[in-house]
Amino acid sequence: MSLSGRLDLEPRPLIRAALATLALCGVVALGSRGGRWLDPALLGYLLATLFAGFGVAYRYFTWIERPATRMYFRHTVRTLLSVKVFSALPNMAVLALDQMFLQRFIEKRSLRRWGAHALLAWGCMLGFAVTIPLVFGWVRFTSEGLDATRYQAWLFGFPAGSFPLDSFAAFMSFHVLDLAAVMVIAGCVLSLIRRKQDEGDTATQRFDLDLLPLVLLIAVSMTGLMLTASEKWLQGRNFATLAFLHELTVILLLLGLPFGKLFHVIQRPAQVGVSLYKADGESEGRFSCKGCGDRFIRMNQRRDLIALWKELDLDGARHGEGIHHLDLCPRCKRRLVAKAQGARLHGAFDPFATIPVHAEPIPDTTSLKS
Amino acid sequence: MSVLPLSQDQLRAQFGPHLNLAPPGGWLSDPTPDKIVETHCCFCGQQCGIKLKVKDNKVIGFDPWEAFPFNQGKLCPKGVKRYLQGNHPDRLTRAMKRTEHGFEPMDWNEAMDRTAAEIQRIQAAHGKDAFAVLSGVSLTNEKSYLAGKFARLGLQTKNLDYNGRLCMVSAGAGNKKAFGVDRAANSWADIELADVIWVAGSNVAECSPITTDYIWRARDRGALLIVVDPRITPLARTADLVLPLKPGTDSALTNGILHLLHRWNLIDWDFVNEHTSGFEQTLEAVKDCTPEWTSRITGLPVDAIEKAARMWGEARTSFLLHARGIEHQTKGVDNVLGCINMVLATGRIGRPGCGYATITGQGNGQGGREHGHKCDQLPGNRDISNPEHRKYICSVWGCTDEELPGVGQSAQEIMNAIHAGEIKGLLLLCFNPLVSLPDTQFTREALSKLEFFVCLDFFLSESAQHADIVLPSALHEEDEGTSTSAEGRVIKINKAVDCPGDARPDWQIMVELAHRLGRGKYFDHFQKPEDIFNELRVASKGGTADYAGISYAKIEQQMGVFWPCPTDDHPGTPRLFEGGRFFHPDGKARFNPTPYRPPAEVVDDEFPIWLTTGRVVFHYLSGTQTRRIGFLVEQCPHPYLEIHPRLAERYGLQEGDAVEITSRRGAMVLPARVVKSIRPDTVFIPYHWAGALSANRLTGRHLDPVSKIPEFKVSAVRLRKTTKDQFSPELAELQRMAFEARSNQTDMPEQVF
Amino acid sequence: MVPQDYGFFIDPQRCIGCRSCVGACAECGTHRGRSMIHLDEIDRYNSPQTVPTVCMHCEDPICAQVCPSDAIKRSEDGVVHAAQKPRCIGCQNCELSCPFGVPIVFSGLEQMLKCDLCYDRTSVGHKPMCATVCPSQALLFVRKDEVAGMRKNKPLRDFLIGAVRVKTKNAIMVPDPETPLHLDAALLIDDSMFPSGGL
């Protein structure tokens, strides 16, 4: 789809996204004590983040308005608003740990894929966990008064302890982003290598969708690392240029967030909702296939899919005797194609018409001597 | 005494069958090969072209070879997964000796010395012929030829035979009698051009799957298909006419058809008069074979027989295909001759779209039966009792007539002689008689009577478990050579990887052994397979199976060469008998009367049900290879009893129930598979398994008087419903293995269907 | 890009149930051990007939319509791809909704996989693995203009499920392709395909 197509904005998600962005602005204002604690050097990042926030919110609200997505979104919201919430929340926490943080399902896809993805994902998480509070002015570090050997940390404008410049805590605070950058670069490079070797990925991948995000992530991380290098070993040479480049790559990455592959970060938590939905359905029981009797489809999913098909103008997919096409298990649907073709072919030639032996009663087998 | 040193469980734990489920390094390893080798599939006589992907001296997968003209990339599931026989945990890599504690690895030279010493001891004490060789036709032409020469000149025994005796010999004998030559009369290309296709006793879809497409291509042109089989096989299901006759009544049907062809004057008299002889006597023999008589014998309705005769008789072009269904009988040769009579009477042979062929079953079933691998044969399909033929071969081999033994005993007869104590020593290669010969119990007794038994194999087959010395030999992809496909097309097998450990190609082992036996002068000049092939070319020159003009280079260049190919500039002969020229001295084909006789064993009150046996598409012969490949075992882990619902009802049997099947030879318990696709008076068991699961526990050792093929396809049995706890431990073990193979996949599909 | 002058023609009538396609599917570079083609017995008690099922590649795929995470995409060459790995959340909507029973959800992977016409092969001019190996050529992948000369039956790409019309890229072979193929559930229960109580 072209960009102009994407700009054909829908009103409801647009309003919701605008509200969400306003709310984000409010949170930023509040956390930075009315903007007083915002770091002027990070203003560009802030604007880009807010804009990306708007884009992501718009995309998110459009997404959950799709009938198929709403089916699951509603279920999760209803669960959260009902008494079930007490049993659901711990489950969701465990699922989120397993699926969002540890990403075990990727490990099952392949260990190499998981390794690359985990490095990349954890690196990003770590990076954003540090930079967002800094950009929003929620966290800041200043020199402690006149003592140039100590640093003072501020949280929401309140002093949150100080530490000496040469302490481990200081080292960690200043280099956690470098660690994140190294993880991201390693993850991206491993992903690129894996993609190069995987014939399937090679055939289906597209530069803009699959490779560009990896390239951008590498660019962000590299420029970030170079900033550190410039400061540490090159006496700040080219620091301004590098800072500009870093800012540029970060802004590009942020602005791309709502459109590209990285949006899955926002979508992925739906997986937790689906797990809850499945568990709910399992306790409700399964519906038996009208073709073979196998219990195959969970009751809630059958109900919701029939409603969904109706919304998608597919309600006509009903057979005689009240059988919906969704009442047939996948195997029976496959058998049905062959049977329908067989029925058509009988006009052409009937494979069975010429087998008379089986139509005749077989005499007592004990007398069937040659 | 070759009794087993260990329990079956211990042997299984050590030597398998274990399942190979994934390529070397697993599915997620880098699939980029170092090289790609164009070669052929080892599983069946069609010899489909296939490309093997090789990396680090291991076969890691396959690619379809679409340029190869026979199969154009098509493969059956055995072909698709054939590469998994390599890099296998069960693979033998060391010479082994059997001790009280099981098989122990031993030094190669020590193993060879001991083998040579035992051969010499037995032959000194009991005569040269007391040591026998049983071989197989999964071997290349080079190895088959060498096995013949090795037995005759290396061991100086007349007792050499091969497992084609269980496969191709009825067709071979019939073809030689009728045509004077033993080869498919046409390349498969003529199938497509036929207007009617008659398939007798061949489950084409499962046993020669690629042939299915040739038949369908003809049908798409409007050809009619007639299938003769007691079971409704996947191809028969769609046929224009199915003739599900009683097992063992095939020659009655062909006689009945010939009777009708004559009655309705659907005979090509010009062809018959000009190009054949013996028609009068043959007509005389079928004069009483009325449709009513035929119906009574075969159990087919009169109108179906008449319809078949019309369809066959009135066609303009036709192709007749048959396979083991009619050949695995005590009248196997008669059944083949009956089919040929139908072909000759209509004169539809030796022209485009007019043809006849047996569908060779074993990998090199065609080439392996041409060059002296049989007890009565010399290279070039020569006769070992013909003085002229002997003289020529003696001149090629540089031996005297006295040195060349005469006619030996056939495979089953050799086993009988071992059982009787007449043969004391055995060299077995490429053959698993404990699974493939009839009457398993008898075979086991025989093997345990051997004084010395040496076996060449790449896996420890059930038969090899009885051997005193086991020598590791080469897999198909570990050596080069030629083989000859069902069409008569000589093709090139290319080496993809090296033998692991001490393993080496069978031909090297035979050459080395001959050397140790002091017979090196006949063998030492063989340095590579091509040396053997070049001698084979000379030895076959002037014979009917003439390979003289075929070279490795020519095969590669033409994607196979059809024999006869007598000279270097000869392009080969895809279609035989053009212009009505047959291979008998007078150039004519022979009609042969085939008066009907019943099978050796018929049903009676005690054993009231017919039993027939056969293959499934997922396994190959005795299963030594395919029972070790995960995918294939998953699809078909163990044998079963196919039974019609009406017969099942009589015994109160339902799908999966345990049923005990008993014949005069033995009994076994299998799960019932209740299907309408089999005659209600007949049951079927696939034969690829060993021990308690061997269908050949039930079959008898009745032989065709001419071809000496056992009657695998007809036995009388009785059934008894039993309980599932009567299933053998082997069956439970196979079920467990198949289940594990399925569930070991970490990524099981969600269960919705 | 899969060449547009090539088509996939499926003739279940020819299928011999050998499962070559199932084995070969797993061997393709894209699939690596996971087979995405189905091979089903129609009703083994009554008949030895079997049917291979590959994705029909619908013009307006229902699987994509019912996908909550927008993970199923049809490329410009008409190929409906397996769910995009980052997006698919394994909900099974597609698996249960596909009119032909094609997608498979691998639960541990939280991922739907389906026939993608062996994109790695077809996009560089090869046939899909299944159609290359299929011994009976029940699965046929050839130039569209070659089919008439090869087959008695003709390609049909138009299906009816009740009142819902489904049009596809891949074709089923029938004698009369002018009328859509009605996938009527009554056929599943009806035994008239097996006359005389036999096959």
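Is Gln92(C) buried or exposed? Gln92(C) is buried, since 24 other C-beta atoms lie within 10 Å and 20 are enough to count as buried. Keep in mind that this is a predicted model, with every value below computed from it.

**Backbone oddities**

Gln92(C) has a second point of interest: its phi is positive, at about 75 degrees, although the residue is not a glycine. You'll find Gln92(C) in the loop between helix 2 and helix 3 of chain C. Asn381(B) tells a similar story. Its phi is near 60 degrees, again positive in a residue other than glycine, and Asn381(B) sits in the loop between strand 14 (377-378) and strand 15 (382-383) of chain B. Asn381(B) also counts as buried, because 24 other C-beta atoms fall within 10 Å.

Chain B has a couple of cis peptide bonds to look at as well. One joins Gly16(B) and Pro17(B), and Pro17(B) belongs to the loop between helix 1 (8-15) and strand 1 (35-40) of chain B. Another runs from Trp563(B) to Pro564(B), where Pro564(B) is in the loop between strand 21 (561-562) and strand 22 (589-590) of chain B. For context, most residues other than glycine have a negative phi, and most peptide bonds are trans.

Here are the backbone angles side by side.

| Site | Angle |
|---|---|
| Gln92(C) | phi about 75 degrees |
| Asn381(B) | phi near 60 degrees |
| Gly16(B)–Pro17(B) | omega about 10 degrees |
| Trp563(B)–Pro564(B) | omega near -5 degrees |

**Chain C as a whole**

Chain C carries 7 helices and 9 strands. Its radius of gyration is 17 Å, close to the 16 Å that the globule rule gives for 199 residues, so chain C is as compact as a globular protein of that length. Along the principal axes, the C-alpha atoms of chain C fill a box of roughly 55 × 35 × 35 Å. Of the 199 residues in chain C, 67% are buried. If you take the contacts in chain C between residues at least 6 apart in sequence, 54% of them join residues at least 24 apart.

Tyr6(C) gives a concrete long-range example. This residue is in strand 1 (residues 6-10) of chain C, and its C-alpha lies 5.5 Å from that of Val142(C), even though the two are 136 residues apart in sequence. Beyond its neighbours within four places in sequence, Tyr6(C) is in contact with Phe141(C), Val142(C), Arg143(C) and Lys144(C). Tyr6(C) is partly exposed, as 15 other C-beta atoms lie within 10 Å.

**Where chain C meets chain A**

The contact between these chains involves 60 residues of chain C and 59 residues of chain A. Several elements of chain C supply at least two residues each, including strand 2 (38-41), helix 4 (119-122) and strand 8 (164-174). Helix 3 of chain C gives the most to this side, with 4 residues. By class, the chain C side divides into 32 nonpolar, 20 polar and 8 charged residues.

**Cores**

In soluble globular proteins, nonpolar side chains tend to be buried together. The largest nonpolar core here has 340 residues, and those touching the most other members are Ile197(B), Ile226(B), Leu243(B), Val470(B), Cys21(C), Cys25(C) and Cys130(C). Helix 16 (residues 332-346) of chain B gives the most to this core, with 9 residues. Leaving aside neighbours within four places in sequence, the contacts of Val470(B) include Leu92(B), Met96(B), Phe103(B) and Cys455(B), along with Asp457(B). There is also a second, separate core of 32 residues, with Val56(A), Ala116(A), Leu217(A) and Phe263(A) among them.

Ala357(B) is another buried spot in chain B, with 24 C-beta neighbours inside 10 Å. Ala357(B) is in strand 13 (residues 354-358) of chain B. Its C-alpha is 5.8 Å from that of Ala185(B), a residue 172 places away along the chain. Apart from neighbours within four places in sequence, Ala357(B) is in contact with Ala184(B), Ala185(B), Asn186(B), Leu321(B) and Ala486(B).

**A helix pair in chain A**

How do helix 3 (residues 43-65) and helix 4 (residues 67-81) of chain A pack? Their axes are 5 Å apart and meet at an angle of about 95 degrees, which means that helix 3 of chain A is roughly perpendicular to helix 4 of chain A. On the helix 3 side, Trp63(A), Ile64(A) and Glu65(A) meet Thr69(A), Arg70(A) and Phe73(A) of helix 4. By class, this contact has 3 nonpolar, 1 polar and 2 charged residues.

Notes: Residues are numbered from 1 along each chain as its sequence is written. Chains are lettered from A and ligands numbered from 1 in the order in which they are written. This is a predicted model: local features need pLDDT of at least 70, side-chain atom pairs count only at pLDDT 80 or more; totals for chains, interfaces and linings use all residues. Axes are lines fitted to C-alpha atoms, for helices over the stretch in contact, and angles run from 0 to 180 degrees between N-to-C directions. Angles under 35 degrees count as roughly parallel, over 145 as roughly antiparallel, 65 to 115 as roughly perpendicular and the rest as oblique. Two residues are in contact if their C-beta atoms, placed from the backbone, lie within 7 Å. Ala, Val, Leu, Ile, Met, Phe, Trp, Tyr, Cys and Pro count as nonpolar, Asp, Glu, Lys and Arg as charged, and the others, Gly among them, as polar. The radius of gyration is taken over C-alpha atoms; the globule rule is 2.2 Å times the number of residues to the power 0.38. A residue is buried if 20 or more other C-beta atoms lie within 10 Å of its own, exposed if 12 or fewer, and partly exposed in between; C-beta atoms are placed from the backbone. A nonpolar core is a set of buried Ala, Val, Leu, Ile, Met, Phe, Trp, Tyr and Cys residues joined through C-beta atoms within 7 Å.
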